[in-house]
Amino acid sequence: GHVESDPDAGAGLVMLHWGPLPRVPTLDNADSVLEGVNGPGAQSFAGAAIANVGDADGDGADDLAIFSPMEDSGGTDRGAVYLWRSPYPEYASLEDAWARWTEIREGSGTVAAMADFDIAIVGDPSGDGDPDIIVTTGLGNSSEGGQAWYLPSQPGPGVTPVREIGWQIMKTGEDQWRQFGACDSAGDIDRDGIEDWIVSVRHLD
């Protein structure tokens, strides 16, 4: 992800470069640019976390999940995950994404500069043929801890609140410093045939 200061301050964007990469990848030589959308709360920070979700639509090209932690379509600063399905135009707005999952953060308010966000693909434990997704958020406002969501399926196109397609698997509590950080697949640690996952929490005593 790359944050542009102008014209839409803090909207964020994602640059895609087809290989082989240029010596210095820049916005000017990107093959595709997907720009975030600012709402009333401004500063949506699209591209805070990105994950390759594989070829979800079967067209031969991989698709992307893009986290915009302060996007406003589900409420001011509530955040959203966009699912962008190929093709990838030279320039497009994330508002045109195939799907948008909203209300990732429970509260509104500015996210602290050191808050972390992540998206991870954790196989297909739900068995529906689509990769399952874990989304973690750093702290929200001054009284909100972080949340982690499990999204077992990819819904149809359009805007869908995250609670309608997944569930909150963890919450750090009301301490603003208890922030979820990185998340990732952990393979099959307990050898039960189901992929496991790992999530980090900072400042948890």
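The paragraphs below walk through a predicted model of a single protein chain, from its overall make-up to its sheets and cores.

Confidence comes first. Across the protein chain the mean pLDDT is 78, and 77% of the residues reach 70 or more. The weak spot to flag is the start of the chain: over residues 1–7 pLDDT stays under 50, and the model has 13 contacts beyond four places in sequence for this stretch. Where pLDDT is low, the predicted coordinates should not be read in detail.

As for make-up, the protein chain has 14 strands and zero helices, so the run of elements from the N terminus on is simply β after β. Of its 205 residues, 45% count as buried. The accessible surface comes to about 9,500 Å², and carbon and sulfur atoms hold 50% of that. Looking at contacts with a separation of 6 or more, 52% are between residues 24 or more positions apart.

Now to the sheets. One is an open sheet of three strands, ordered S1-S2-S6, with mixed pairing. Strand S1 (13–16) and strand S6 (91–93) sit at its edges with a single partner strand each, so one side of each lacks a neighbour in the sheet. Direction ignored, neighbouring strands here are turned by 15° against each other on average. Between S1 and strand S2 (residues 32–35) the pairing is antiparallel and runs over four bridges; within it, Val14 has Leu34 of S2 as its bridge partner.

Over on the S6 edge, Ser93 is worth a look. This residue belongs to strand S6. Is Ser93 buried or exposed? Its relative accessible area is 18%, and because the cut-off for buried is under 20%, Ser93 counts as buried. Beyond its neighbours within four places in sequence, Ser93 is in contact with Glu35, Val37 and Trp84; of these, Trp84 turns up again in one of the cores described below.

Another open sheet has five strands in the order S3-S4-S5-S7-S11, and its pairing is mixed too. Its edges are strand S3 (49–54) and strand S11 (158–161), each of which pairs on one side only. From one strand to the next the twist averages 20°. Inside this sheet, strand S5 (residues 80–84) and strand S7 (residues 99–102) pair in the antiparallel sense, again over four bridges, and Tyr82 stands opposite Arg100 in S7.

That leaves the cores. In soluble globular proteins, nonpolar side chains tend to be buried together. The largest nonpolar core here has 18 residues, and the members touching the most others are Phe67, Val81, Trp101, Ile119, Val135 and Leu151. Two or more residues each come from S3, strand S4 (63–68), S5, S7, strand S9 (133–136) and strand S10 (147–151). S3 gives the most, with three residues. Val135 shows how these pieces meet: leaving aside neighbours within four places in sequence, its contacts include Phe67, Val81, Ile119 and Leu151, along with Ile104, Asp118, Gln147, Ala148 and Trp149. A second, separate core has 12 residues, among them Leu16, Ile66, Trp84 and Ala97.

Finally, towards the end of the chain, Val201 lies in strand S14 (residues 196–202). Val201 is partly exposed, at a relative accessible area of 32%. Its C-alpha atom is separated by 9.9 Å from that of Thr136, a residue 65 residues apart from Val201 along the chain.

How values were computed. Residues numbered from 1 in each chain as written. Predicted model: local features only at pLDDT ≥ 70, side-chain atom pairs only at ≥ 80, totals over all residues. Heavy atoms only, no water. pLDDT = per-residue confidence, 0-100. Contact = heavy atoms within 4.5 Å. Pairing = 2+ DSSP bridges. Axes fitted to C-alpha atoms, helices over the stretch in contact; angles between N-to-C directions. Buried < 20%, exposed > 50% of the residue type's maximum accessible area, 1.4 Å probe, protein only. Areas by Shrake-Rupley, 256 points an atom, 1.4 Å probe, with all protein chains shown as cover. Core = buried A, V, L, I, M, F, W, Y, C linked by side-chain atoms within 4.5 Å.
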